[in-house]
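Here are a few friendly notes to read alongside the structure. Keep the 3D view open and find each residue as you go.

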Amino acid sequence: MSPISNLDPRIQACIRTRGFEELSEIQNRAIPLVASGRNLILIAPTGTGKTESAMIPVFDRMLKERTGGFTTLYITPLRSLNRDMLQRLSWWCSELGISVGVRHGDTKAAERRKQALSPPDLLITTPETLQALFMGKVLRKHLKNVRYVVIDEIHELAGSKRGSQLSIALERLISYTGEFQRIGLSATVGNPDEMGRFLCGKRDFSVVAVPVIKRLHITVEFAGDSFERQAKWVSDTIDRFGSTLIFVNTRVTAEALGHQLFYRGDVEVHHGSLSRDVRIDAEERFKSGAIKALICTSSMELGIDIGHIEHVIQFGSPREVSRLVQRIGRAGHQLHAISRGTILALGFDDLLESLVIARRAKAGEVEDVIPPRNPADVLANQVAGLAVEYGRISKAAIMAILDRTYTFSGCGALLDDVCTQIAEHRLIRLEGDIVCTTLRARRYLAGNLSMIHDEKKVHVFDMVSRRTVGTLDESFVVGSIYTGAVFITKGQLWRVLDIDEGRITVEPARRVKGELPSWEGEQIPVPYGIAREVGALRRNRRFSAYHTDLEACGFASGFLAEMDKNRSRIATDRMIVIEDSEEAVICNICAGHKANEALGRVISILLSARFGTTVGIEIDAYRVLLSLPPAIRASDVRDILVGLDPEHIGGILQLAMKRTTLFKWKLVQIAKKFGAIDPDADYERLSTYKLTEVFENTVVQKEAYRELFSVYMDVNTAAHLMALVKQGDCAIERSRLSILGAQGLFSSRDQIAPPTPDQAVISTLRRRIDQQEIVLACMNCRKWKSHTVAGRVQDQPSCPKCGARLIAVLKPYEEPLFALASKKEKNSEEKAVEARLMRNANIVLSGGKKAVLALAAKGIGPENASRVLSTLTEGDAFYKEILKAERNYIRTRKFW
Amino acid sequence: MILEFLSQGPALLVKGKKRVLVVADLHLGIESDLDRHGIHFRSRTKERCERLETCIRETMPDLLLLLGDLKHGIPFPSRQEHREIPDFVEQLRSLVPLGIVPGNHDVAVEQYFELGELLPKEGVIIDGTAYVHGHMYPALSLAGMLIIAGHHHPMVCLRDEVGCSLRSPAYLFSPLNDACLGFPTREGEKGRSRVLLMPSFNELTGYDIMRTVKEPFSPISRCLSREEAEVLLSDGTFLGPIQALEGYEPDQQP
């Protein structure tokens, strides 16, 4: 008995009109479940009628039981509010006599008013706008009719703070309408049950998943590592098949490939930076067949059903299995057809990664979506929202709401901390256990409906050429740009001359190690599991087991054979190889971006502490590159790794991260969510340095760490890897720079400053002393003196005239003393001067260069220099002694 | 005369015949101003009071000299200041004799002090050392002396090859151009006037020392000697002449 026959006749008529003779598999399974009132997670790739699977039975129930608007909320991230879906839903609604409205940030005021006065049965909206609904006195009333909530792209929301915020919103809804039916539409994920729990908390739910995996036909090919050859391969492949979608990983690549294939006349580029008209035009022309191929960065941005797609090309490794499944899943017409896709690998790492991802895709090993754990800033945002919604609300009532969610249940202590913190910022007022709204709270909500952080762009204006040369992310400017800073953008070095409203003025700078601006958020991290499997593949070299063609196999084996020939060690899942190069030490570690980020930072802070130098790091999924002075070698890095206790990694990172750009920026973002800083605040008044201090040991800082350690780096995996090393399951080897080590794209850069401010002071001191002008005077023959700077003096200065090493070190203003001391007839004062100079020279005789340096310091005479030298310290400790002596002099000096 | 530098102030103990503990630029009530500019912190007046009390207990001075800008709000004290300053001052008064040289932010600060505590804002000489807030031309009687001043909130930023490694309150010490300040010419051993600019006690304020030197905004900063000015950290560590810190180009060979 087909589920169709149970549906309202009007709906059956619509189904026939749409041309479906039968329902798809997912529709067949989902409809009875939804009809019976079950909460549901629906898993299927895009373009398989997911929306209809949810909405058909919902429409059916809406027809059977009219309650007035808003009956159904269809919540989707704004990006995927595409024309096609809207058109389809509008069509259904008009056929069935159901009113529909769309409401999001850009909806016109007139439309919003209409919805308030006469609420549509079906409201299509975004998570942020749902937040706004709670604030409107009139709109709130309409919420009591909600019976069904459908959440689209729930896999994307669940993994982010937006989803955490949404999950609280759903429980807030209960206060108006009681329990309602929940339906989540998701792409293929590794943990569908967790998606269900995220949606439903402790309530029951079912999961309906379409096994689309079996229908994927994926190959991996390799066409050399020159861009021209790769583009040619793409061109040939377009000719082999019909309509083709080409997915690339960055906009820059999309443009480059588009340019290279422009001559064909049947390829267009499609990505988010292009105007809407341009994109729509490309989509239409693809659908009509006027163009044969579309180069895109993300399937989300495709507005409509673009018709039949014969083949999908993934240009370069897709980095994640879920991404590949989603993209290739777009190929094929009906569900029964096979989805064909090819990954074109662009290099050695890329090839192995692609092989591993292709295997996993076919085995159905898709990544899990991990919802954030108790994100404190979301809680802050929602407590403020509840305060405005109710005016006064008890913590117990808030806790009751939170306990119904999956993310926040049982977080009573955190709630207390958050309330105390936001009360400190006067976002709410606390009267015992009652949270009360304040004047600012409403304004705060208006600017903070969303957990998405607005990233302003700052223009970079070149004074020399008098034009804007690019833009930087606000986060980078806030964290690292100051007058005199040097940074790189568009491959060129620039020095900052001035910072002004939304614009920095620069001039070209010469070669230097500078901080680099952050990438524009397009780098996708390679997960640990994939990197490990790549490592295993490097070790066992069983390429033929991985469904690829001979050419690719040949290339991979050949590359590794070359490594063998050079006697280079190959880093695998059981071996870490550390290599020396001229400017850097490269740690080849197959652990994925996040674990390498954690390890890299730990290694650099430890190196920094041990050797007193600043270390630059660059990370990719298989390497950590450390920019180090030539004195520090692979063996030093190896010692650090070997001596690293896995349990200490977390603590070390906390210390290390505190002074980085990234941490400060995150702190500012989170502080904004806590109401400490208004979105348009002039926080230039307060350097980020001070902000870090102000939030020390607060829940704001804790959340910054929590987010950093889960999103940007993976502390637990790094610790696990180090434990493997300790157990002997993973070896560490040293090697010369190999072709494998020298490869690599560097996706993130940061600089780790030495852990103590002392270092900066000591560097300044060293520089000052090196540059200190002095006069060397021979106390033996008394016939030679020379002007120089302390840094240039040899280890054991000697007189060129008489060869003696009895050299006194004088400051320039003391020079006349030498003449005095060398007079034939001296009075008692002059004799005393001579005695002092002799003492001075004696210290130089016995102490050599170190004595020269000590005597070049401020206010240090022979006695103090002698004391400094007698501490027998070296390096930084020696300079610290000099600082101590200088400090003492400053205290007591007479000519204050 | 000996100077003790207390970094957890920052504060200066001037030890001559008397022990004078000097702090500058507390800017109490700054949180109200930040509030108006979109930054919402709780008042840290209590913490500053405790910090100052610690300095007092450690140094046992004969006089606590507040070198101006005790309060922040202009053109009149904010409600926060009305609430907090009386107790703050009373607490200090109970520990040690007070003196205040008013600064540009000290509008109506007189109401919180007793007659003997209020000192002239053009400057005062105590025990052979001159003190002034630093926003005005110092009185002519201060010529030839060491002048300790606030107002400029000096803060030094130490950079190494890769960026700012340290931001710290600092002291700027410099001989002054007497003619520039309108001081009468003198002979004798008094010598040139010198200024020691103190960092702000308030932990949220701070102004780049390099900018003060390159773009002076007060009579004293305009009459500094750029060639001879020196920088010290708040614990008395001598950093070096200002020229050593100025314009350090990471891409130049040392």
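1. Let us begin with a term. A cavity is a set of grid points where a 1.4 Å probe fits but cannot get out. Please keep in mind that this is a predicted model. How many cavities of 30 Å³ or more does a search of the whole structure find? The search finds two.

2. Now look at the largest cavity, whose volume is about 50 Å³. Its lining is made up of Gln131(A), Met135(A), Arg172(A), Asn381(A), Gln382(A), Gly385(A), Leu445(A), Asn448(A) and Leu449(A). Sorted by class, the lining has three nonpolar, five polar and one charged residues.

3. Which helices each supply at least two residues of this lining? They are helix H6 (127-135) and helix H16 (376-390) of chain A. H16(A) gives the most to the lining of the largest cavity, with three residues. To see this part of the model, you could colour those two helices of chain A and then show the side chains of the lining residues, including Arg172(A) and Leu445(A).

4. Next come the cysteines. Over all chains, the structure holds one disulfide. The bond joins Cys180(B) to Cys223(B), with an S to S distance of 2.0 Å. The angle about the S-S bond is -65°, and the link of Cys180(B) and Cys223(B) is left-handed.

5. What does this link tie together? Cys180(B) lies in helix H4 (residues 178-181) of chain B, while Cys223(B) is in the loop between helix H6 (219-222) and strand E13 (230-233) of that chain, so the disulfide connects parts that are 43 residues apart in sequence.

6. Are the two partners buried or exposed? Cys180(B) counts as partly exposed because its relative accessibility is 33%. Cys223(B) has a relative accessibility of 2%, so Cys223(B) counts as buried.

7. Chain A offers some cysteines to set beside that pair. Cys411(A) is in no disulfide, and the nearest cysteine sulfur, that of Cys419(A), is 9.7 Å away. With a relative accessibility of 4%, Cys411(A) counts as buried.

8. Why does Cys590(A) not bond to Cys730(A)? The sulfur of Cys730(A) is the closest cysteine sulfur to that of Cys590(A), but the distance is 9.0 Å, which is too far for a bond. A disulfide needs the two sulfur atoms to be within 2.5 Å. Cys590(A) is buried too, at a relative accessible area of 1%.

Definitions and conventions
Residues are numbered from 1 along each chain as its sequence is written. Chains are lettered from A and ligands numbered from 1 in the order in which they are written. This is a predicted model: local features need pLDDT of at least 70, side-chain atom pairs count only at pLDDT 80 or more; totals for chains, interfaces and linings use all residues. Side-chain values use heavy atoms; hydrogens and water are left out. Helices (H or I, at least four residues) and strands (E, at least two) are DSSP runs, numbered from the N terminus. Buried means under 20% relative accessible area, exposed over 50%, partly exposed in between (1.4 Å probe, protein chains only). On a 1 Å grid over the protein atoms alone, a cavity is a set of points where a 1.4 Å probe fits but cannot get out, and a pocket is an open set with protein on both sides within 12 Å along at least five of seven lines; lining residues have an atom within 4 Å of a point. Grid points are joined across faces, edges and corners, and a volume is the space filled by probe spheres set on the points. Ala, Val, Leu, Ile, Met, Phe, Trp, Tyr, Cys and Pro count as nonpolar, Asp, Glu, Lys and Arg as charged, and the others, Gly among them, as polar.
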